[in-house]
Amino acid sequence: MKKWTLFMLIFSLVLLGFSAGAFGAEDKKIKAGFIYVGPVGDYGWSHAHDLGRKQAEETFDWLETVYVESVAESDSDRIIDRLIQQQKCDVVFTTSFGFMDPTIKAGKRYPDKLFMHCSGFKRSDNVGTYFGDLYQMYYLNGIMAGALTKTNKIGYVAAFPIPELIRHIDAYALGIKAANPEAKVHVKWIYAWYGPDKAREAAESLIAEGCDTLAFTEDTPAVIEVGQSHTEKGKQIYTFSHYSAMQPYGEDSVVSGQLMDWGGMYVKILDDIHTGNWTNEDVWWLAKEGAAILGGNETDPINPKFVDDLKQAMIQTEAFGKISAYDLVMKRYDQMKQGVDVFDPFTGPVYDSKGTLQIKAGERASKDDLLSIMYYVDNVEGTIPQ
Amino acid sequence: MEEIIISTLQRTMVAGTPLLLATTGEIICERSGILNLGVEGVMALGAVTAFIVTMTTGSPWLGVLSALAAGMVISIIHAFTSVTLQANQVVSGLALTMLGLGLAGMVGKPYVGKPLTIKMDDITIPVLSDIPYIGKVLFSQSPFFFMAIGLALVSWFFLQRTRLGIQIRSTGENPKATETQGVNVFLIRYMSVIIGGGFSALAGAHLSISYSKSWIEGMTAGRGWIAIALTIFALWNPGRAIWAAFLFGGIFVAQYLMQPLGISPNFLAMLPYIATLLILVLISLKDPRKLNAPAMLAAPYKRGER
């Protein structure tokens, strides 16, 4: 018996050696490693990144990818080392803000490898950054929310009080204001990126307080399920899907939403690396680049069930005169696709909730302003928790 | 205002339901002297089983039954290590939690993000549900709510008043004396662990096919651990567990209601745990014996040893 075991061991070692040899023979290939902060099945952030990874892998036959999911931020050094040393990755994508410093450090440790960090602001010779933001879509959702609400109380379930979320809430509130200056936004914080139960209770308490329209930034479809179940019981609640196509969770409740397509960005970045055109310059993609997409599923920007209601809701605007909410959304969406210089939600005058003028009339917030925004605009109730 | 109160109470009942199911199960288990820290894992496994079976067969009740079976089967592992092998129950229970969470994540991977279109209708009891305020809160709820209350009451009666219940309790207090009375201690403990596991799995089924109507990894979100704390909070009495579970459900729901008052959300999220500590301290200060813990809890029983 023992002899056999020994033989099998040697045999498998030899086999392992062969496969490693065969692997090393191909050198034109690029291997990319992805590090996700959550499970790929989270139906939000990590899921969207993984769809992007798959798209890139299908696009290029010279590309091979590996991923590690549910990586704790404190554990990322070890995972980066593993991807470089064991998996022999040429480029590593780190897809959470908390991976920023470990990524910079890894760049120093492995000067001949490339690193791309998502959502951060630190760069070095071989470490670049990239991000896709959805605030424009929140603005468009806000227009629809403002047009549809009957109680003039609009809810928002939010994960953590950081600039990204404040930017989303403010853009949503500015959209609401454009359609309905009377409506106010009520925010509930759940302190979790991934908290289906917390999001559910937060949504329920917003509805109990009289909100009939809900948007959120969180990685589960819980808010939509709440909206759908109230709608089925006869109380129409309007919701907006976030990040992934969540409309199937609430066909009678989801009006529209925000979708993020990382695929295009990953294809471009990897193509640049392959052709040698890569630089460490920040890649910041919005509607113009096709990263931010309007809709609660892949086919309809607005759920057909609500199109008629939105076409009947007339809004008085400065830019287009009297116009239906539906047309306003479509016109603004077109402008956003042309670029932020054509139209951007954060164009002055914008006052914060304390009455201070934050963006002067005619001016547009810069990218840096947006990345550090930490005030509520004037139709958001309450204060940002410390 | 009226709507806020009714909605809050209604949500309290929903949020307390899985806690009550899991706590009742853990009470039966601990009453027999076995500490089961695997509740969280069994709950996750119950959730994923119920979801997959409901989705493929179209019958939520079949889903519930399969979850029950899955929870009972996986609990045999804990019963085997802690009763037959007399291993450390803390280690075995923790292992069961990790095993259950991991297994559920693996089995459930293809089902993540798929909405469940088959719904379990709420049970509305005629006449009673028309009572103002209480009617909507207590008599128009998901079947799991009535199941949880029913099982807790039955378990209370079972443990206090029936022969088998008394055998379970005396096994937890003094297994050797119980064995001399001709009771099969091993069998009693196996049974209690398995029943407890089944209850935990029911709690999981509530989460996936009634509460969320979806399966996502990590959806149990620590409820199993709260159930273990609630077992102590309820002083190992299923009757008291009803109050305890809904009190905790209420605290969970109240967090979000209290946010506009300017209280830090972080502080509000700590409330259920602070409440547990407070109650434990208060009871222990008064009279530690009143804790009523099974005397031989977590102590392995070796047959024929002195």
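This is a short conversation about reading two sheets, a chain contact and a helix pair in a predicted model.

Reader: Hello! I am new to this. What holds the strands of a sheet together?

Author: Welcome! Strands of a sheet pair through backbone hydrogen bonds, and the pairing can be parallel or antiparallel. Let us look at chain A with that in mind.

Reader: What is the order of the strands in the open sheet with parallel pairing?

Author: Six strands of chain A make up that sheet, in the order S2-S1-S3-S4-S5-S11. At its edges are strand S2 (63–68) and strand S11 (283–285), each of which pairs on one side only. On average, neighbouring strands are turned by 20 degrees against each other, direction ignored.

Reader: Could you show me one pair? How many bridges are there between strand S4 and strand S5 of chain A?

Author: Four bridges link strand S4 (residues 114–118) with strand S5 (residues 127–132) of chain A, in the parallel sense. To find a spot in the pair, look for A:Cys118, which has A:Tyr130 of S5(A) opposite.

Reader: Which strands does helix H9 of chain A lie across?

Author: Helix H9 (residues 263–275) of chain A lies across S1, S2, S3, S4, S5 and S11, and runs at about 140 degrees to S1(A). Helix H3 (residues 76–85) of chain A lies across strand S1 (30–35), S2 and strand S3 (91–94), at about 155 degrees to S3(A).

Reader: Now the sheet with mixed pairing. What is its strand order?

Author: This open sheet, also of six strands in chain A, has the order S7-S6-S8-S9-S10-S12. Strand S7 (184–189) and strand S12 (292–294) each have a single partner strand, so one side of each has no neighbour in the sheet. Here neighbouring strands are turned by 15 degrees on average, direction ignored.

Reader: Do strands S10 and S12 of chain A run parallel or antiparallel?

Author: Strand S10 (residues 254–260) and S12(A) run antiparallel and are joined by three bridges. In this pair, A:Gln258 faces A:Leu294 of S12(A). A helix packs on the sheet too: H8 (residues 222–232) of chain A touches strand S6 (153–158), strand S8 (213–217), strand S9 (238–243) and S10, and its direction makes about 160 degrees with that of S9(A).

Reader: Let us move on to the contact with chain B. How many residues does each chain give?

Author: Chain A gives 25 residues and chain B gives 28 residues. On the chain A side, S7, helix H7 (196–208) and H8 each supply at least two residues. H7(A) gives the most, with seven residues. Sorted by class, that side of chain A has 13 nonpolar, five polar and seven charged residues.

Reader: And chain B itself? How many helices and strands are in it?

Author: Chain B has 12 helices and two strands. Its radius of gyration is 19 Å, close to the 19 Å that the globule rule gives for 306 residues, so chain B is as compact as a globular protein of that length.

Reader: How do I read a helix pair there? What is the angle between H1 and H11 of chain B?

Author: Helix H1 (residues 2–31) and helix H11 (residues 238–258) of chain B pack at about 140 degrees, with their axes 7 Å apart. That angle makes H1(B) oblique to H11(B). Their crossing is right-handed. Among the contact residues are B:Gly16 and B:Leu20 of H1(B), and B:Ala245 and B:Gly249 of H11(B). By class, this contact has 15 nonpolar, seven polar and one charged residues.

Note on methods:
Residues numbered from 1 in each chain as written. Chains lettered and ligands numbered in written order. Predicted model: local features only at pLDDT ≥ 70, side-chain atom pairs only at ≥ 80, totals over all residues. Pairing = 2+ DSSP bridges. Axes fitted to C-alpha atoms, helices over the stretch in contact; angles between N-to-C directions. Contact = placed C-beta atoms within 7 Å. Nonpolar A, V, L, I, M, F, W, Y, C, P; charged D, E, K, R; others polar. Parallel < 35°, antiparallel > 145°, perpendicular 65-115°, else oblique. Left-handed = near helix turned anticlockwise from the far one by under 90°. Rg over C-alpha atoms; globule rule 2.2 N^0.38 Å.
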